[in-house]
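Hi everyone, and thanks for coming. Let me put the structure on the screen, and then we can walk through how its copies meet.

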Amino acid sequence: QSVTIWGIVDQGLVKMNDGASIAANSGAGLRNETVVKPAWQNRLGFRRSEDLGDGLAAFFDIEHRFSADDGVAATPFWTGRSVVGLRSPKWGTLTLGRDYNPAFYPSVALDPWAWNTVGQMGLATTWARYAGNDGGPRNNNMIQWRTPDFSGLTVLTMVALGENATNRGNAVGANVVYSKGPIYAAAAVDRAKNVAAGKPEAKMWLLGGAYDFGVVRPRVLIAQSTSFAGVDTKSAMVGASVPIGLGRVLLGWSKINPDGANNDSTKWGLGFHYDMSKRTMLYADVGSAKTDRQSRSNGYDVGIKHSF
Amino acid sequence: QSVTIWGIVDQGLVKMNDGASIAANSGAGLRNETVVKPAWQNRLGFRRSEDLGDGLAAFFDIEHRFSADDGVAATPFWTGRSVVGLRSPKWGTLTLGRDYNPAFYPSVALDPWAWNTVGQMGLATTWARYAGNDGGPRNNNMIQWRTPDFSGLTVLTMVALGENATNRGNAVGANVVYSKGPIYAAAAVDRAKNVAAGKPEAKMWLLGGAYDFGVVRPRVLIAQSTSFAGVDTKSAMVGASVPIGLGRVLLGWSKINPDGANNDSTKWGLGFHYDMSKRTMLYADVGSAKTDRQSRSNGYDVGIKHSF
Amino acid sequence: QSVTIWGIVDQGLVKMNDGASIAANSGAGLRNETVVKPAWQNRLGFRRSEDLGDGLAAFFDIEHRFSADDGVAATPFWTGRSVVGLRSPKWGTLTLGRDYNPAFYPSVALDPWAWNTVGQMGLATTWARYAGNDGGPRNNNMIQWRTPDFSGLTVLTMVALGENATNRGNAVGANVVYSKGPIYAAAAVDRAKNVAAGKPEAKMWLLGGAYDFGVVRPRVLIAQSTSFAGVDTKSAMVGASVPIGLGRVLLGWSKINPDGANNDSTKWGLGFHYDMSKRTMLYADVGSAKTDRQSRSNGYDVGIKHSF
């Protein structure tokens, strides 16, 4: 057989102060303590692709998330992704199951930290705090179709079917990505329905790009969202990665501007990630966020990440 | 090493109407919506067999169930099966752990859908609604012994030990299967105790067979159960599978007749299952059930199933 | 790839009487019934080691526990261990994550049953009932360092960081092990803090050794603990393993002496473990415990254990 087992086990020391500004990462609330935590969500996945002839392939991918510091499994167990699909260079890729929203891919491609570590620009600043129905970058009950690659251009669309009384016609989303040579440019939209919420629809768009000069890869991204409660939020991010030997320096700055006065937030991040090998990395990051009229939130991490 | 990873990831579109008759499948209650659902329970298993010499082998098999549409793990996690055992062509097979009742095997061998999809005849019509102590086809704490194969004849017996105040002397069961060339014939019994229930004992027997004419494989099965509440139920099923090219048409009709008047149910199913490869299948099914004095339940599914 | 899948599936028949003395094993309270149970905790693990050059290696190990008799997963799911680390013959081994306390290793090396089966001397008698903050031999949020092997001598130290209001500065521990030729000698300490408990600190030390004469390997161990409630407990254990053909006879006797009068306990165990192969074992054990002024607890088990 050829089921591939893959995953990430990462653990590090994380310290957050008790600032009240937007969280520098998920470690918020740790009250000035140094703790052992993952900076990447720990994961264990199983996947396989079967050649059906003429380039057509069937595949599955299921991805469990957990915390190695306490051994606790995420809820749902297969939080990361659980899909089955068909893939063809001619017809593109069709997947069914719990999956990432299309808007996820440009965000993690442009955030220098790909939504990980205390340095991350993250969902708050690359999705303008948009959370969709899942409270995160995924939806259940998704049908997703990615076009073939047209000289670097792909389009990814999805519909996530509603299944219970509160989320009829749950979500739709799409992205357009152009990635060729040094250029990366992308746009994405997402919309979620929740008939039980005060305002039945939340939505988001983002637009961004990067250019790889070799010595530095700068990135920019802007996003705008409307929450279920009807609050509009704008955000903007600039970042860069700078290769240095076997590692890279990561830099990012972002701003979030929700409706209303005196409620803006800014965050900056700085990181150094060093590859001991293709699979093992040492990392150190700093993140600092400030929301108007709130105390500043600071976070630090240093650790080791093993991918398998 | 040689631990085998195996499983099924299947997702499709399922639509059920809001009929009140016996469920056409587990998707009952979906209220006229099209949803993304598995038609086979999604599973991930680990197993291994170790040769101990003289044909004797030790083995284990553990089987997790989950739903790929939302990533949720079944409860218990290793719902499917979790056993360790010894196997020998001379002495047969001894297994210990959570396992299938012997009556399960003839039922899924004779149901054209093997208890899957909206077309299935299922537990309701091949077990006469018998549920045992587990609410399904399994028991915890089982000791199971399968005889060697005597020219196509095997006998499988089990005792599932009680463990708590309500199910002392939990369950016993057995099947006799004759399978040779085109002939398949089987009988099975099961009995469960529950000292906390009104009537302390539920039981069931079934009898069935199939003959493979090559162009069609017709099957018949009859079953009778007594529930913990003392209700007797009879059921009968006829079905057939018809190979067509790389696929097969599945046909089934069944009737359930519990004690009392005006409470019979009938169900028919029709399906077409097409093998893209040995591991990847496309399926489309219809199931329709009618209980006396209840509105008709209809279900439809179409999807892709990948086995690994 | 080379992720190793490993584990144990073991099932047997266990019978415990309803004695009120300290538990002969985890099957206590089974009230004179014979049940299907594991005598070793069933487990499924994934691990991998990556060579980074110069003898340095990165590794991860995650270990799930479950009960094969009912398919139920332990809580947390990765109860056994979930760590990432670096290993070098020159610098030793650094691990981060949920892990065993250092005092665990001498205890299971000296208990003839290694804390398994009804015969085990176990935590109660090799750790003087010490439970730490995890209620068992592990801690979350651990940083652990094992020295290189100095001609048979290794030192293992750990600190487990506190993370919530009740366990600031959670735990520290260490062991010293000398293992060379027929000699095994070890000492260990552990200390846990719990700021919410009446007495904020629990602690334990143990000291033990074994000598392998070939025909018999006798072992002795003494331990002393102070619980969070301030109760001091002393314990002592003697045991031996005697190789016989492909198996071994296991013998053990231990005594627990907590503060106060008329509350001592003794336990003896007797077992025979027979290797059908390197991976498959048959076992039979008896354990009998007597606490002052309590009825005697007796346990019996017989079963099959498959390691993979």
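Only 9% of the interface residues of chain C are also interface residues in chain B, so these copies meet through different surfaces. By contact I mean heavy atoms within 4.5 Å. The picture repeats for the next pair: only 9% of the interface residues of chain A are also interface residues in chain B, so there too the copies meet through different surfaces.

A quick word on what you are looking at: this is a predicted model, where local features need pLDDT of at least 70, side-chain atom pairs count only at pLDDT 80 or more, and totals for chains, interfaces and linings use all residues. Residues are numbered from 1 along each chain as its sequence is written, chains are lettered from A and ligands numbered from 1 in the order in which they are written, and side-chain values use heavy atoms, with hydrogens and water left out.

How are chain C and chain B related in space? A rotation of 120 degrees, with 0.0 Å of shift along its axis, superposes chain C on chain B at an RMSD of 0.0 Å; the fit is by least squares on the C-alpha atoms of residues with pLDDT of at least 70 in both. The two copies are thus related as by a three-fold rotation axis. Chain A, too, can be laid on chain B by a turn of 120 degrees and a shift of 0.0 Å along the axis, with an RMSD of 0.0 Å.

Now to the contact between chain C and chain B. Chain C gives 33 residues and chain B gives 32 residues. Together they bury about 2,600 Å², 68% of it on carbon and sulfur atoms; this is the accessible area (1.4 Å probe) that two parts lose on being put together, summed over both. On the chain C side, I5(C), V36(C) and H306(C) lose the most area to chain B, together 18% of what that side buries.

And how many salt bridges are there between chain C and chain B? Zero, taking a salt bridge as a side-chain nitrogen of Lys or Arg within 4 Å of a carboxyl oxygen of Asp or Glu. There are, however, nine residue pairs in polar contact, both residues at pLDDT 80 or more. A polar contact is a pair of N or O atoms within 3.5 Å; within protein, one must be able to donate a hydrogen and the other to accept it, and residues adjacent in sequence count only if both atoms are side-chain atoms.
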